[in-house]
Amino acid sequence: MTDVADIHADIEALKELASALTRYRHAQREVADRGDYQIAATRASLEEKASQWRSLLARRQADLAACQHAAAMDTEAGGHPGCHAEAAAVREAEDRIESIRRWQQQVEDGASAFVGPSSRFRNLLDVDLPRTEHHLLAIIDGLEAARGVRAARS
Amino acid sequence: MAGRPHEDGELLLREIGAAWAKTQQHWHDDMASSFGRSHWTPLIDESRSYLRVLGEFMELLAAAERETEY
């Protein structure tokens, strides 16, 4: 003997799918938000690092200038150990800043390429998916009307 | 959800795929075929495409953080 629940199993399955789609829409929107947050966080982090290294570079350049000044004075007096360490520190800071700048450019290039897919996905979540859910609910209504059943919508 | 965004998104994609497979066990008329073509396939394709790009971008962001830790 066929149970009534078996006859309407498609309706119940469609209701479960509609609910799953709603959950999917909300959860994927959160995923997209977290992705966007991560982009902003990385941009801010790189800028902070660049700022720190620029400050460090300024201090190291000042140290090098002071060293070179002292060297010039000491040379007249008989000698100076040189400013190799100070010069190396300046070069290191310059290299770090240049490296960060290149990564910042890569991130911006990636962000530009990400805009299109991100926009399409958000449109899918905000426009297309609600339409799909409404379409499913209409199908459910149609099936229930055709069979003369009216189960509580989950 | 607490993992990396694209990994969580892929998990959600697998879950919704399982929900669709379960639905198909009970719903397989012409309307189901039409729904699959017009709604389901575009949804999955677009989701998969976005998550792939998101994953690649998240890898780039992680590398940018990692490679600038001095």
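How close do the axes of helix H1 (residues 5-26) of chain B and helix H2 (residues 30-67) of chain B come, and at what angle do they cross? In this predicted model, for which local features need pLDDT of at least 70, side-chain atom pairs count only at pLDDT 80 or more and totals for chains, interfaces and linings use all residues, the axes of the two helices come within 9 Å and cross at roughly 165°. Residues are numbered from 1 along each chain as its sequence is written, while chains are lettered from A and ligands numbered from 1 in the order in which they are written. Helices are DSSP runs (H or I, at least four residues) numbered from the N terminus, and axes are lines fitted to C-alpha atoms over the stretch in contact, with angles running from 0 to 180 degrees between N-to-C directions.

The angle makes H1(B) roughly antiparallel to H2(B), a term used for angles over 145 degrees. Among the residues that meet (C-beta atoms, placed from the backbone, within 7 Å) are Leu13(B) and Trp20(B) in H1(B), and Trp40(B) and Leu51(B) in H2(B). The residues of this contact comprise eight nonpolar, five polar and two charged, where Ala, Val, Leu, Ile, Met, Phe, Trp, Tyr, Cys and Pro count as nonpolar, Asp, Glu, Lys and Arg as charged, and the others, Gly among them, as polar.

H2(B) has 38 residues, which should span 56 Å at 1.5 Å a residue, and its end C-alpha atoms, 54 Å apart, agree with this; the expected span is 1.5 Å times one less than the number of residues. H2(B) nevertheless bends by about 45° at Gly36(B), the bend being the angle between axes fitted to the seven residues ending there and the seven starting there.

In chain A, helix H3 (residues 84-147) has 64 residues and reaches 89 Å from its first C-alpha to its last, close to the expected 94 Å. A kink of about 40° in H3(A) is centred on Leu124(A), and just after this helix Gly148(A) takes a positive phi of about 70°.

Between the chains, 30 residues of chain B are in contact with 36 residues of chain A, and H2(B) gives the most to the side of chain B that touches chain A, with 16 residues. H3(A) and H2(B) pack at an angle of about 155°, with their axes 9 Å apart, and are therefore roughly antiparallel to each other. Their contact has 16 nonpolar, six polar and three charged residues.

Notes: Parallel < 35°, antiparallel > 145°, perpendicular 65-115°, else oblique. Contact = placed C-beta atoms within 7 Å.
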